[in-house]
Amino acid sequence: MSSLRARLWLLGVAGVALACTDLVLTVTSDHGQLRGLNGSLGALTGVAFVGTGSFAWSRRPANRVGALMVATGFAWLGAGLAQANSPLLFSIGLVVGPLYLVLVTHLVLAFPDGQVTSRLARRLLIAGYADVLVVYEAWVLLDGHIRGEGSLPANVLAIVHAPGVAGVFDVASSAAGAVIIAIIVGILVRGRRRATPVVRHAAAPVLWTGLVCLTAVALSLAIGSASVSDIAHGITGSIAMLAFLALPFAFLVGILRSRYARAGAVSELVGALSSRAALRDTLADALGDPSLRLVYWAGRWVDREGRDVELPDSGVTEVERDGACIGAILHDPQLDDEPELVSAVAAAAALALENERLEAELRARVAELQDSRAKLIEVSMAERRSLERDLHDGAQQRLVALSLQVGLARRKLHSDPLGAEQLLDRAGDELRLALEELRELARGIHPAILTDRGLPAALQTLIDRAPLEVELLNAPDGRLPAPVEAAAYFVVAESLTNVAKYAQARHASVSVLRRNGHAVVEVRDDGVGGADPEVGTGLRGLADRLTIIDGRLDVLSPPGAGTIIRAQIPCA
Amino acid sequence: MATTVLIVDDHPSFRSVARMLLEAEGYEVVGEAPDGEQALELARQLSPDVVLLDLNMPGIDGFEVARRLPAGPAIVLVSSRDARDIGPLDANVMGFIAKGELSGASLRSVLSA
């Protein structure tokens with residue numbers, strides 16, 4: 001048996017023992033009326049609070065509701081000692097007296113999650129505790145002969161008998177208590193209106209009973225402190241007592257409602273799922289939470305449209321199927337107190353959720369493909385612009401000059417043969433340069449050596465043309481798919497171009513490996529580092545090209561520590 | 001007196017062959033500029049009769065140089081593209097010659113238009 005359960009059993013035994021003591025003291029008391037009835041009801045109420053509180057505490061150890069119920073029960077039973085004929089026991093009962101009232105107020109405020117979230121309510125609660133523990137106790141300490149029904153024993157805990165002053169504290173304590181509880185009733189009514197349907201459903205029996213009890217207590221205290229009418233004081237006091245007695249049973253009713261609702265919710269859910277109703281609406285009805293949302297796991301959390309979603313800190317229940325997470329239900333955080341209900345609903349809906357997950361994954365993939373397509377068009381247009389610029393600035397200019405030189409040479413053929421010959425020599429030079437530029441351009445579009453002899457040979461030509469020492473560390477055995485080889489080639493080409501232009505490096509290395517279904521391309525140099533892919537268009541364009549084929553580009557370039565360009569390209 | 005010409009083009013090979021061609025046709029090439037900034041400077045210094053101005057240059061392009069040139073020289077735009085690719089000409093530009101069609105005759109034709 002866990003230590004908590006052992007402690008709760010002990011508390012239960014202590015509660016029963018104290019209840020029996022109260023019963024005996026009340027039945028044998030020589031002050032008070034209807035001793036048998038009051039004794040039985042008093043003992044039953046105390047046991048009900050302690051028992052129900054222990055059950056709640058064992059069910060939800062982190063929730064303070066259980067502990068508050070147990071404390072209320074013991075405070076109630078402690079107050080019952082005031083029925084004793086013994087002055088000492090009577091005095092102890094007197095001291096404990098109204099403590100159960102402030103504890104039950106605390107309980108109703110904190111129900112159902114054990115927290116008092118309203119700052120005003122917390123301050124009022126502190127004021128209530130101060131009223132009972134200071135103002136009321138001052139009355140007890142100052143009045144040695146309490147007036148009441150019948151001849152009451154002496155108050156042996158009084159320090160001095162000053163009934164006049166004590167009376168002031170008595171009235172002040174009652175009046176303050178009435179005001180505090182009245183304001184708290186207002187807070188509870190307002191809070192109930194603002195509560196979510198889940199909270200209203202779960203808390204209804206306890207909250208309604210608590211409201212009746214506290215309202216009656218406030219009225220009774222107010223009437224008593226003003227000494228308006230003994231009859232009215234008696235009636236309101238009795239109503240408060242009855243409502244107080246009903247509280248533990250209201251709590252049990254709430255639990256039973258929840259359990260029946262859980263069983264009903266799951267069976268209704270299974271029926272609704274087979275009728276092809278919208279899954280989200282069906283789950284929201286089953287859990288009584290209109291704010292419910294569904295998210296799906298597609299490598300990341302996405303909604304039904306495939307858009308990225310961030311999960312909140314609470315109110316999240318993951319749904320698994322065959323041991324794998326397929327999605328999550330985002331619900332009212334109050335349902336975190338009903339994990340069995342939410343899990344049962346999630347399990348029943350797992351198959352339908354899996355179908356929706358696949359749809360969401362598909363939509364997310366479509367969105368990625370649309371992005372890729374847009375990038376592809378952008379990259380393609382950028383490459384065309386670059387090609388036009390290279391043609392215009394290079395080969396085209398040379399051919400224009402060549403055309404003019406040939407024209408001029410032709411005009412000079414007879415009048416100045418030597419001049420014509422020189423012009424034709426220059427024209428020949430222009431032609432050679434134009435051809436070389438066109439060849440270079442063709443290599444930039446697609447190097448023939450890559451198609452004819454494969455990646456290692458193509459990489460070697462890049463390395464041979466580099467103006468620094470470059471080592472080929474690894475190259476794949478056998479051919480890779482053509483788009484992968486082309487992408488790897490251009491990663492190395494662009495990287496070595498950048499090394500030559502900017503890195504001030506003495507040495508570089510190139511590596512291409514197959515690893516886990518990817519071609520991993522790495523170009524390292526020992527230069528100045530500080531490369532930023534966002535600054536130049538070369539690396540950015542390269543990253544975009546890789547994204548189109550589901551690849552990625554990483555640049556590690558701390559200043560002063562060289563640069564590593566790493567591309568990972570899927571190749572099945 | 002020969003018509004004086006300032007050649008503005010960022011390609012030295014074109015400047016060189018344009019000079020030979022124009023001088024063979026009786027023009028006097030008084031200066032060459034590889035970009036717009038130097039073209040504006042030389043135009044102020046040399047006050048040529050004609051500025052032969054390439055459209056596509058690094059820095060400020062031929063259209064902008066034409067707008068900034070002082071009044072005086074006849075501005076003739078040239079390009080390795082043809083007329084279909086360059087759009088309408090500003091009012092202060094005499095005309096346009098595709099580089100491949102540059103000759104004494106084509107230049108005289110534009111200047112007399």
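This passage walks through some surface, interior and backbone features of a predicted model.

A good place to start is the outside of chain A. Seven side chains there, A:Leu34, A:Leu37, A:Leu41, A:Leu44, A:Phe55, A:Phe249 and A:Leu252, form a nonpolar surface patch of about 630 Å². Two helices of chain A, α2 (35–59) and α9 (230–274), each supply at least two residues of this patch. The most is given by α2(A), with 4 residues. On the other helix, A:Phe249 can serve as a landmark, since its place is in α9 of chain A. The relative accessible area of A:Phe249 is 42%, so this residue counts as partly exposed, the range for that class lying between 20% and 50%.

From the surface, attention can turn to the interior. Rolling a probe the size of a water molecule over the atoms shows where empty space is left. The count of cavities of 30 Å³ or more comes to 1. The volume of the largest cavity is about 40 Å³. Around the largest cavity stand A:Met69, A:Leu107, A:Phe111, A:Val206, A:Leu247 and A:Phe251. In character this lining is nonpolar throughout, with 6 nonpolar residues and no polar or charged ones.

Another residue to look for in the interior is A:Val492, found in helix α16 (residues 482–503) of chain A. With a relative accessible area of 0%, A:Val492 is buried, as the class takes in values under 20%. A:Val492 and A:Leu459 are separated by 33 residues in sequence, and their C-alpha atoms are 7.5 Å apart in space.

Two loops of chain A offer backbone details worth a visit. The loop between β6 (507–515) and β7 (518–525) holds A:Asn516. Phi of A:Asn516 is near 50°, which is a positive value in a residue other than glycine. A:Asn516 counts as exposed because its relative accessibility is 73%, against a cut-off of over 50%. Further along, A:Asp550 sits in the loop between α17 (537–548) and β8 (552–556). Here too phi is positive in a residue other than glycine, with a value near 65° for A:Asp550. A relative accessible area of 46% makes A:Asp550 partly exposed.

Chain B completes the tour. Its fold contains 4 helices and 5 strands. Read from the N terminus on, the elements of chain B follow the order β-α-β-α-β-α-β-β-α. Chain B has 113 residues, of which 51% count as buried.

How values were computed: Residues numbered from 1 in each chain as written. Chains lettered and ligands numbered in written order. Predicted model: local features only at pLDDT ≥ 70, side-chain atom pairs only at ≥ 80, totals over all residues. Heavy atoms only, no water. Patch = residues over 30% accessible without salt bridge, like charges linked within 9 Å, V, L, I, M, F, W, Y side chains within 5 Å. Areas by Shrake-Rupley, 256 points an atom, 1.4 Å probe, with all protein chains shown as cover. Salt bridge = Lys/Arg side-chain N within 4 Å of Asp/Glu carboxyl O. Buried < 20%, exposed > 50% of the residue type's maximum accessible area, 1.4 Å probe, protein only. 1 Å grid on protein atoms, 1.4 Å probe; cavity = no way out; pocket = protein on both sides within 12 Å on 5 of 7 lines; lining within 4 Å. Points joined across faces, edges and corners; volume = space filled by probe spheres on them. Nonpolar A, V, L, I, M, F, W, Y, C, P; charged D, E, K, R; others polar.
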